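Subject: Structure for your review

Dear colleague,

Please find below the structure that I am handing over to you. My findings follow it, grouped by region.

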Amino acid sequence: MTPALALERITCTFVSRQDRAKRYTAVKETTLVVAPGEFVSVVGPTGCGKTTLLNIAAGLLQPSAGAVRVLGELLVGTNTKAGYLFQSDALMPWRNAIDNVTAGLEFRGIAREAARAQGEEWLKRVGLSGFGDRYPHQLSGGMRKRIALAQTLILSPQILLMDEPFAALDIQTRQLMENELLELWSADRKSVVFITHDLEEAIALADRVVVLSAGPATHPIGEYRIDLSRPRDVAEVRLTPRFLELHTEIWHAMKDEVLKGYAQQRQ
Amino acid sequence: MRNNGNNLALRFWQVLVLVGMFVAWHVLTVPGIVPPFYFDDPHKAPFFFGEPLKVLSRIWDWFIGGDIYRHLGVTLIETLLAFVIGTVFGVAIGIWLALAPMASAICDPYVKALNAMPRVILAPIFFVWFGLGMASKVALGVTLVFFIVFFNVYQGVREVSPVVLANARMLGASRGQLLRYVYLPSAMSWVFASLHNSVGLAFVGAVVGEYLGSSEGVGYLIHQAEGVFDINTVFAGILVLTGFALALDMVVTLVERKLLVWQPRGGETERI
Ligand SMILES: Nc1ncnc2c1ncn2[C@@H]1O[C@H](COP(=O)(O)OP(=O)(O)O)[C@@H](O)[C@H]1O
Ligand SMILES: [Mg+2]
């Protein structure tokens with residue numbers, strides 16, 4: 001079966017604007033393949049190059065070397081098959097919630113009435129019906145993430161790229177949203193790349209966890225199949241013996257890299 | 001409750017200051033109330049500073065007699081035209097230069113020079129080009145408004161959040177749609193933020209233009225009165241212009257509230 005998304009031997013080197021001799025290789029020779037309907041979590045220490053990798057998959061950034069294939073075809077320009085949930089706030093502040101949710105439909109030229117109806121439907125699905133006329137600054141961080149999720153999912157992308165979407169949320173809101181995400185995902189099984197620096201979150205959500213090394217020259221250092229049964233409740237699954245086993249195993253492999261990343265950050 | 005009381009007291013003091021100033025003006029200028037202490041002749045003070053009662057009666061005559069409306073109308077139309085035309089050009093050229101780094105680099109010194117130039121000196125040229133009618137005043141106002149709007153739009157487009165932009169692209173926006181749905185609203189928010197400035201300058205352009213040469217408008221009234229040393233009419237014109245500018249500013253504040261609902265404002269909670 002053709003993979004939904006394949007990053008093939010991706011290398012990404014940033015050149016400093018001030019001094020062209022100064023370069024930083026964020027990602028090196030990284031290969032990542034996501035099967036149709038698969039939920040892959042990518043974990044790695046902060047600053048290792050996770051966002052860079054996702055931007056390359058989205059076609060927002062050109063890799064220095066390597067290729068991206070989407071459903072078997074070489075990616076040129078932005079990845080139109082993918083929806084992207086950004087790490088930081090990406091809603092248009094001058095549009096209210098419903099207009100943000102329907103933005104993608106509007107770009108596709110779908111009639112206003114039809115778009116609004118779908119938008120209301122999605123607001124309901126993310127638990128925010130009745131909040132359509134609020135502007136982003138009038139919503140909490142968790143609500144904004146939900147709007148962003150609805151904004152992305154309303155277009156029904158085949159591939160979903162998520163960059164630490166819940167990192168800024170408090171733990172309760174976060175678990176609620178993780179469960180919501182799993183529920184929405186189970187409805188039509190998109191291929192998901194879920195970036196996080198939180199190993200527990202990665203295991204609780206994914207079919208497969210990919211561990212990245214610390215930067216520079218980040219590359220995958222391990223891959224683990226998560227054989228926990230679905231449907232899952234992210235709070236409960238954390239208490240099962242199999243979860244703890246997997247966690248211990250992966251953490252053991254990651255620990256050195258995390259410490260390395262931490263030491264680099266402190267310099 | 002307390003807040004309301006405070007407001008009332010504040011209003012009271014504000015009105016008192018105004019009344020106080022008029023009383024002082026009256027006492028110091030009308031001959032025979034206080035002995036002259038600066039001028040040697042008691043009629044010199046009203047000659048230079050006018051007399052408030054005569055000034056007010058002149059304003060009264062203007063509004064009751066209806067002479068003033070035509071002039072106010074002309075000034076208002078010039079102001080609005082200057083504002084609209086200056087804004088349209090400012091937005092268009094601001095967006096264009098912000099998105100074309102090469103053109104922007106080439107134009108940079110000229111934009112700086114034009115902005116640094118005291119643009120009121122263009123008035124004589126505009127009189128030659130557009131005559132003494134409204135057009136020359138509008139042109140003067142446009143040169144003042146344009147740069148304010150232009151710089152704000154340029155800034156606004158440059159400072160669009162890269163994440164918001166990337167998100168719009170991922171949602172499928174074409175280049176034209178990015179312009180319409182991301183760059184333009186972002187730039188407009190900066191334009192609205194400078195609305196007070198640009199409307200104010202459009203007004204300045206209109207009045208100064210009228211003052212320098214015209215046959216209509218409040219600036220013309222002032223100029224004419226000055227020509228015959230009618231200082232009371234000059235002051236009346238100044239007071240009318242001030243009131244008019246205040247009214248214009250209030251309208252701008254209302255419009256601003258409507259247009260910028262999406263921007264966070266301090267303290268939106270309700271006290272019970
Ligand atoms: N545009 C850029 N120019 C130069 N360096 C960059 C750029 N983007 C990211 N980097 C560097 O690449 C590394 C990885 O960044 P990023 O992908 O954002 O990390 P993560 O998302 O894992 O926290 C960081 O060290 C960062 O400083
Ligand atoms: Mg990141």
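Which residues does B:T233 touch, not counting residues up to four places away in sequence? The model is a predicted one, and in it B:T233 touches B:R58, B:W62 and B:A225. B:T233 is part of helix α12 of chain B, which covers residues 231-259. Because its relative accessibility is 6%, and buried means under 20%, B:T233 counts as buried.

One of these partners, B:A225, belongs to helix α11 of chain B, residues 218-227. B:A225 is likewise buried, at a relative accessible area of 5%. With neighbours within four places in sequence left aside, B:A225 is in contact with B:D230, B:T233 and B:V234. As for distances along the chain and in space, B:A225 and B:V182 are 43 residues apart in sequence, and their C-alpha atoms are 51 Å apart.

Also in chain B, helix α7 comprises the 25 residues 134-158. At 1.5 Å a residue, this helix should span 36 Å, and the 35 Å between its end C-alpha atoms agrees with that expectation. Helix α7 of chain B is mostly covered, with 19 of its 25 residues buried.

I turn next to the ligand site in chain A.

The residues that surround ligand 1 are A:F14, A:Y24, A:A26, A:T46, A:G47, A:C48, A:G49, A:K50, A:T51 and A:T52. By type, this shell divides into 4 nonpolar residues, 5 polar residues and 1 charged residue. Two elements of chain A, β2 (23-34) and α1 (50-58), each supply at least two residues of the shell. The most comes from α1 of chain A, which gives 3 residues.

Three contacts with oxygen atoms of the ligand may be listed:

- A polar backbone atom of A:G47 is 2.8 Å from an oxygen atom of ligand 1.
- A polar backbone atom of A:G49 is 3.0 Å from an oxygen atom of ligand 1.
- An N or O atom in the side chain of A:T51 is 2.6 Å from an oxygen atom of ligand 1.

On its own, ligand 1 has 570 Å² of accessible area, and the protein covers 59% of it.

Helix α1 of chain A also holds A:L54. Is A:L54 buried or exposed? A:L54 is buried, because its relative accessible area is 2% and the limit for a buried residue is under 20%. Leaving aside neighbours within four places in sequence, A:L54 is in contact with A:Y84, A:L161, A:M162, A:D163, A:V193 and A:I195. A:F107 lies 53 residues from A:L54 along the chain, and the C-alpha atoms of the two are separated by 23 Å.

Helix α5 of chain A has 13 residues, 141-153. At 1.5 Å a residue, the expected span of this helix is 18 Å, and its end C-alpha atoms are 18 Å apart, so the two values agree. Of its 13 residues, 11 are buried, and therefore α5 of chain A is largely enclosed by the rest of the structure. Among the buried residues of this helix are A:R144, A:K145 and A:R146, together with A:I147, A:A148 and A:L149.

Some backbone features of chain A remain to be reported. Most residues other than glycine have a negative phi, and most peptide bonds are trans.

A:E29, in strand β2 of chain A, has a positive phi, near 50 degrees, and is not a glycine. A:E29 counts as partly exposed, because its relative accessibility is 42% and partly exposed residues fall between 20% and 50%.

A:S156 also has a positive phi, of about 50 degrees, although it is not a glycine. Its place is in the loop between α5 and β7 (159-163) of chain A. With a relative accessible area of 44%, A:S156 is partly exposed.

Which form does the peptide bond from A:R230 to A:P231 take, cis or trans? The bond is cis, with omega near -5 degrees. A:P231 is placed in the loop between β10 (220-225) and α8 (234-237) of chain A.

Yours sincerely

Note on methods. Residues are numbered from 1 along each chain as its sequence is written. Chains are lettered from A and ligands numbered from 1 in the order in which they are written. This is a predicted model: local features need pLDDT of at least 70, side-chain atom pairs count only at pLDDT 80 or more; totals for chains, interfaces and linings use all residues. Side-chain values use heavy atoms; hydrogens and water are left out. Helices (H or I, at least four residues) and strands (E, at least two) are DSSP runs, numbered from the N terminus. Buried means under 20% relative accessible area, exposed over 50%, partly exposed in between (1.4 Å probe, protein chains only). Contact means heavy atoms within 4.5 Å. The expected span of a helix is 1.5 Å times one less than its number of residues. A residue is near a molecule or strand if one of its heavy atoms lies within 4 Å of it. A polar contact is a pair of N or O atoms within 3.5 Å; within protein, one must be able to donate a hydrogen and the other to accept it, and residues adjacent in sequence count only if both atoms are side-chain atoms. Accessible areas come from the Shrake-Rupley method with a 1.4 Å probe; for residues, only the protein chains shown count as cover. Ala, Val, Leu, Ile, Met, Phe, Trp, Tyr, Cys and Pro count as nonpolar, Asp, Glu, Lys and Arg as charged, and the others, Gly among them, as polar.
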